[in-house]
Amino acid sequence: MTDYTPTPADRFTFGLWTVGNVGRDPFGEPTRRPMSAPYITQKLAELGAYGVNLHDNDLVPLGAGAPERDRLVDDFRQALSDHGLVVPMATTNLFSDPAFKDGAFTSADARVRAYALQKTMLSMDLGHELGAELYVFWGGREGSEVDASGKLLDSLGWLRDSLNFLAEYSQSQGYGYRFALEPKPNEPRGDIFFPTAGSMLGFIPTLDQPELFGVNPEFAHDTMAGLNFTHAVAQLIDAGKLFHIDLNDQKPGRFDQDLRFGAENIKAAFFLVKLLEDSKYGGPKQFDAHALRTEDENGVWAFARGCMRTYLMFKEKARQFDQDGEIQAALSAYRVTDPALEALSRGFSPERAAALKAQSFDRAALGARGPGLEHLDQLTVELLLGVR
Ligand code: GCO
Ligand code: MN
Ligand code: MN
């Protein structure tokens with residue numbers, strides 16, 4: 001029986017910006033003091049995390065000179081090696097600077113697009129220096145509030161050109177990055193381009209090297225829009241495109257809350273963990289969330305510990321689900337097999353088509369069958385509430 005204490009083998013990661021979040025919101029000033037990257041690294045290692053991810057400017061402030069950059073990078077690398085943490089993923093901040101207020105790679109201003117490419121290449125250099133193998137693109141400002149600009153089709157082409165350019169840059173430098181595109185429906189833009197995992201899946205095959213690109217889906221982003229995140233993840237797994245994942249929680253229809261994983265939608269989080277574990281997803285699991293603005297530093301570490309602990313509790317519940325005789329019996333009863341009909345339905349041939357067309361079905365019996373989902377779902381609830 002586990003005590004739900006994480007170890008690096010669990011591959012849990014946090015962004016510097018997540019536990020480092022100072023509690024600023026559109027209505028109020030920060031409620032916590034900034035923490036240095038080496039300090040965050042030490043604390044995450046103590047809690048059992050595997051890695052720490054970053055945007056370029058989480059570590060190196062915009063406008064810092066080379067000596068300051070090198071000192072910050074050296075101190076961070078020292079902390080990583082002292083505490084045994086890795087940097088699996090890096091990304092670019094293409095959203096805070098007012099230069100990106102109307103988009104970065106999709107800005108209508110060619111100078112902004114070129115600057116976004118320059119900033120991203122420098123950030124890819126930094127990520128590589130720190131050992132990152134995965135590079136995330138979250139287009140926070142790639143979107144609009146008004147569509148009078150007439151740039152929708154151009155924006156798609158500009159983004160495609162930029163991603164093609166950066167994939168070749170990575171190869172020419174020998175960085176070997178794989179890239180993960182992160183969809184979000186809105187916030188900070190009124191509408192962000194590529195709002196869902198499905199939109200990313202549609203776009204990736206249009207790139208020059210689609211095999212290098214996958215998706216970084218986030219629990220809160222689908223949930224904000226009232227979508228079922230677990231379904232999106234299943235589709236990504238099926239497509240071989242789940243390159244990374246951002247775990248957190250969210251109430252539908254609210255502002256972007258970035259709640260502690262499992263804080264809100266317990267059943268959805270359980271089925272997500274079950275899916276990840278059943279599919280043997282082996283990539284890092286990043287908690288892209290932050291402590292409530294009400295909290296002090298103790299609350300930040302309680303938040304971080306809670307994200308990992310809850311994941312491990314769901315993992316244990318998934319194991320119990322698979323070993324629960326009554327649940328497994330309900331699952332078997334749910335599936336109806338018919339080897340003869342399945343043989344006819346799989347793989348077209350004119351003979352199978354003709355045989356199927358000649359088959360008679362008892363429609364009334366098909367419609368009358370109760371699949372037992374109420375019973376199965378109640379068993380799941382009882383398992384999660386700890387009474388089984
Ligand atoms: C958000 C996003 C970001 C990205 C991050 C990594 O809603 O703000 O989830 O946190 O994940 O920029 O690219
Ligand atoms: Mn997010
Ligand atoms: Mn995210």
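This passage describes the ligand 1 site and the manganese site beside it in a predicted model.

Residues are numbered from 1 along each chain as written, with chains lettered from A and ligands numbered from 1 in written order. In this predicted model, local features need pLDDT of at least 70, side-chain atom pairs need pLDDT 80 or more, and totals for chains, interfaces and linings use all residues, while side-chain values use heavy atoms, without hydrogens or water.

Thirteen residues surround ligand 1, each with a heavy atom within 4 Å. His55, Glu182, Lys184, Glu218 and Asp288 come nearest. Oxygen atoms of ligand 1 lie 2.7 Å from a side-chain N or O atom of Glu182, 2.7 Å from one of Glu218 and 2.8 Å from one of Asp288. Such polar contacts are pairs of N or O atoms within 3.5 Å. The protein covers 92% of the 340 Å² of accessible area that ligand 1 has on its own (Shrake-Rupley method, 1.4 Å probe).

The manganese ion (ligand 3) has protein donors from Glu182, Glu218, Asp246 and Asp288, at 2.0 to 2.2 Å. Donors are N, O and S atoms within 2.8 Å of the metal (3.2 Å for Na, K and Ca). Along the chain, their spacing is E-x35-E-x27-D-x41-D. A second manganese ion (ligand 2) is 3.7 Å from ligand 3, and Glu218 coordinates both.

Glu182 counts as buried because its relative accessibility is 6%. Asp288 also counts as buried, because its value is 10%. Buried means under 20% relative accessible area, exposed over 50%, and partly exposed in between (1.4 Å probe, protein chains only).

Notes: A polar contact is a pair of N or O atoms within 3.5 Å; within protein, one must be able to donate a hydrogen and the other to accept it, and residues adjacent in sequence count only if both atoms are side-chain atoms.
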